[in-house]
Amino acid sequence: MKIARTIAELPRFPDSVGLVPTMGAFHAGHLALFEAAREENDVVVASLFVNPAQFGDGEDLDRYPRDEERDAKLAEEAGVDVLFAPSPDEIYPEGFSTWVDVGELGAKLEGQFRPGHFRGVATVCLKLFNIVHPDRAYFGQKDAQQAAVIKQLVRDLNLGLEIRVVPIVRDDDGLALSSRNAYLSPAERERALALPRALATRDAAKARQLLADLDVDYVEEANLNGQRVLAAAVRVGKTRLIDNVVLEIPCQDSSWFGRATKGDPK
Ligand code: AMP
């Protein structure tokens, strides 16, 4: 596996390319994305970039888990061909000033609690698409609103790549895998299990009741450009967790990789 730290170091590929954008601290959720990309493309590029632009003031940018050596090993084992691990300056050089203005879709749910988050996400993804030139890019249903924002970006700006969405990978206890789970103490992790249990009801009112003991940012049924989800964000101690369950998928949605209901909590 090649590690590229600059745009200039990235090879140009004659074959089909699948891109998996990540912030690192790999777990089985990331590995499922690598596997999906491996299955559908000749070359797999994973980006590892903790994108400062998608973190707000007071969020966890500084303490976000970083372990590039471990990530590189896991990516290589998963069949990633190129790990693109740029510095913040490589992506946002002195004088950088152009941003993607995400519309209404980015203003609700996460957007309400993390203003500017999707502007940062959409901008970095557009840059990564222009840098890597993938045929397909892979996102997790774990971040359902992010996947919807990126699909909208691709459609609105005629980016000409395919977005593929991979079901949520969960631990045996039902908690959706997340790099942020590393912040949870054992007692907090136990409390966090209320989140998948609440979503498993597939009912906003019942879910709200089951989350009564947690600090809830939102638990809402939402329409993400045709995909109906029950989505929630909660805080357990200092850790903010998000999760969702799909209620309905538009029948013409061809972005799903594998079975759409595979990642549903039980
Ligand atoms: P992150 O490194 O957290 O930015 O995540 C990189 C990609 O992995 C995003 O598209 C996420 O939606 C996806 N992802 C994160 N956790 C999971 C999970 N538990 N199951 C499936 N995909 C995930």
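**Sheet and ligand site**

In this predicted model, strands β7, β8 and β9 form, in that order, an open sheet of three strands with antiparallel pairing. The edges of the sheet are β7, which covers residues 215-224, and β9, which covers residues 239-248; each of these strands pairs on one side only. Averaged over the sheet and with direction ignored, neighbouring strands are turned by 15° against each other. The pairing of β7 with β8 (residues 227-236) is antiparallel and runs over nine bridges. In one of these pairings, Glu221 has Leu230 in β8 as its bridge partner.

The ligand is surrounded by 18 residues, of which Met23, His30, Asp143, Val169 and Leu177 come nearest. By class, this shell consists of nine nonpolar, seven polar and two charged residues.

Polar atoms of the ligand lie close to both side-chain and backbone atoms of the protein. The side chain of His30 places an N or O atom 2.8 Å from an oxygen atom of the ligand. For Gly140, a backbone N or O atom is found 2.9 Å from a ligand oxygen atom. A polar backbone atom of Val169 lies 2.8 Å from a nitrogen atom of the ligand. The ligand taken alone exposes 480 Å², and the protein buries 93% of that area.

Two or more residues of the shell come from each of the elements β2 (17-22), α1 (28-40) and β5 (136-140). Among the contributors, α1 gives the most to the shell, with three residues.

Notes
Residues numbered from 1 in each chain as written. Predicted model: local features only at pLDDT ≥ 70, side-chain atom pairs only at ≥ 80, totals over all residues. Heavy atoms only, no water. Near = heavy atom within 4 Å. Polar contact = N/O pair within 3.5 Å; in protein donor to acceptor, adjacent residues only side chain to side chain. Areas by Shrake-Rupley, 256 points an atom, 1.4 Å probe, with all protein chains shown as cover. Helix = DSSP H or I, 4+ residues; strand = E, 2+ residues; numbered from the N terminus. Nonpolar A, V, L, I, M, F, W, Y, C, P; charged D, E, K, R; others polar. Pairing = 2+ DSSP bridges. Axes fitted to C-alpha atoms, helices over the stretch in contact; angles between N-to-C directions.
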